[in-house]
Amino acid sequence: MQEHERYMRRCLELALLGAGSVSPNPMVGALLLHNGKIVAENYHQRFGGQHAEALVVSQVLTEYGQKAEAIFREATLYVSLEPCAHYGKTPPCAQLLADYRVSRVVVGCRDPFDQVNGKGITVLRAAGIDVVEGVLAGEAEWLNRRFITRVQHHRPYIILKWAQTADGFMAPADSRQRWITGPEAKQLVHRWRSEEDAVLVGAKTAQVDNPRLTVREWQGRNPKRVVIDRNLTIPAGAYLFDGNAETIVFNAVKTDWVGQIKYIELENFDLYLPQQIAYQLYLMDVQSIIVEGGRKTLDLFIQAGLWDEARVFTAPDEWGGGIGAPILYTAPQRSQQVGRDRLDYYHRNNITA
């Protein structure tokens, strides 16, 4: 089992290379082991592209030519997520592995999607392939917690993010803009944005801070920008409307689509607002979102119990007054130092990485 874990851990490392590029698909890594040697390895690189297993098979066929089929029959394929068993944007990987008669397949965790869950493993076993499943299953599920949340709960994986002072304040009482954390924290937040599908703020944050919500301190694609603006009070010249990223405006006035801006009117705006937003984003294939709003917006999601993870920066400075930061009433699962600031990670269901 230790040997299986060694190669599965490599699959998880490979899978992570797809972060920010494959949503709403899961991140998947795979490798083929033959006579104790990794002869091919790859990962799902982009949404709509070939899956990790298919890329590994293709590599072996290209590199080994006529010897490839013999290699498959003697080799073990490791994959972090159960091979798919249905036709989507690509053919089913389980059938591909069955066709090439791979000797053994070692799986990290099952795919919870209804059209796959257990069916890929059934296809492999029906073809006479030895299947070992559940190797580093907890780590494999954690890696794809966004995908699993979307499939099982019909909503995005929701990450809360805020910064606070050492004495627990997140903004001045007079609504002035005042930066709390250092440059290292800012760069890390931009990295996070590149890894998630969307980032959300409320109208007040948009008006006071005029945020861009784009990726500038890191390399990567911009997330969708989401704003809650009940009466469409954000000025047209705000950075959110600069066209540099798709912007979704949840409001109580209109539904319209103007260039990169999508206005979505919510009926009964104040009734189950965070749940309405989460479901609408699910329908738009948004798999994960960072809520970067102010106290009111963050409390909407906290009070609804609609969050999975919180990332909280605490700076060493004290203000002595202002708008208090949210309170989660739970202990952080882990902490780290980011420049001069402390970063605490919270998980609503006490899951750990």
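1. Buried here means under 20% relative accessible area. The model is predicted. By that cut-off, helix α10, residues 273–283, has these buried residues: Leu-273, Pro-274, Ile-277, Ala-278, Leu-281 and Tyr-282. They pack against three strands listed early in the chain order, β8 (198–202), β9 (224–228) and β10 (247–251), and also against β13 (288–291). Two helices complete the list of partners, α7 (145–153) and α11 (295–303). Just after α10 comes a backbone detail to check: Asp-285 has a positive phi of about 65 degrees.

2. Strand β13 deserves its own look. Both of its faces are covered. Ser-288 and Ile-290 are buried on one side. Ile-289 and Val-291 are buried on the other.

3. Which strands pair with β13? Strand β6, residues 157–164, does so in the parallel sense, over four bridges. Strand β8 also runs parallel to β13, joined by three bridges. Ile-290 is a good residue to centre the view on. Ile-159 stands opposite Ile-290, and Val-199 has Ile-290 as its bridge partner in β13.

4. Next, the nonpolar core. The largest one has 43 residues. Leu-32, Leu-77, Tyr-78 and Val-105 have the most contacts inside it. Helix α1, residues 2–16, gives the most to this core, with five residues. In soluble globular proteins, nonpolar side chains tend to be buried together.

5. Take Leu-32 by itself. Neighbours within four places in sequence are left aside here. Its contacts then include Lys-37, Ile-38, Val-39 and Ala-40. Val-56, Val-60, Ile-71 and Phe-72 are also among them. So are Ala-75, Thr-76 and Leu-77.

6. How many aromatic pairs does a search of the whole structure find? It finds four. One of them is Tyr-7 with Tyr-78, whose ring centres are 5.3 Å apart. Their planes lie at 45 degrees, so the pair is tilted. Tyr-7 is in helix α1 and Tyr-78 in strand β3 (residues 76–81), so the pair ties together parts that are 71 residues apart in sequence. Both Tyr-7 and Tyr-78 are buried.

7. Trp-192 and Phe-313 form a stacked pair, at 5.6 Å centre to centre and 25 degrees between the planes. Trp-192 sits in helix α8 (residues 183–195) and Phe-313 in strand β14 (residues 309–314), so this pair ties together parts that are 121 residues apart in sequence. Trp-192 counts as buried, at 5% relative accessibility. Phe-313 counts as buried too, at 2%.

8. Two charged side chains sit over rings. Arg-212 lies over the face of Tyr-239, at 3.8 Å from the ring centre. The charged end of Lys-262 is over the ring of Trp-257, 4.2 Å from its centre.

9. Finally, the cysteines. The count of disulfides comes to zero. Cys-11 is in no disulfide, and the nearest cysteine sulfur, that of Cys-109, is 12 Å away. Cys-11 is buried, with a relative accessible area of 0%. Why is Cys-84 not bonded to Cys-93? A disulfide needs the two sulfur atoms within 2.5 Å. The sulfur of Cys-84 is 3.9 Å from that of Cys-93, its closest cysteine sulfur, so the distance is too far for a bond. Cys-84 is also buried, at 7% relative accessible area.

Technical notes:
Residues are numbered from 1 along each chain as its sequence is written. This is a predicted model: local features need pLDDT of at least 70, side-chain atom pairs count only at pLDDT 80 or more; totals for chains, interfaces and linings use all residues. Side-chain values use heavy atoms; hydrogens and water are left out. Buried means under 20% relative accessible area, exposed over 50%, partly exposed in between (1.4 Å probe, protein chains only). Contact means heavy atoms within 4.5 Å. A nonpolar core is a set of buried Ala, Val, Leu, Ile, Met, Phe, Trp, Tyr and Cys residues joined through side-chain atoms within 4.5 Å. Two strands pair if DSSP finds at least two bridges between them. Rings of Phe, Tyr and Trp (its six-membered ring) pair if their centres lie within 6.5 Å; planes under 30 degrees apart count as stacked, over 60 as edge-to-face and the rest as tilted. A charge sits over a ring if NZ of Lys or CZ of Arg is within 6 Å of the ring centre and within 35 degrees of the ring normal.
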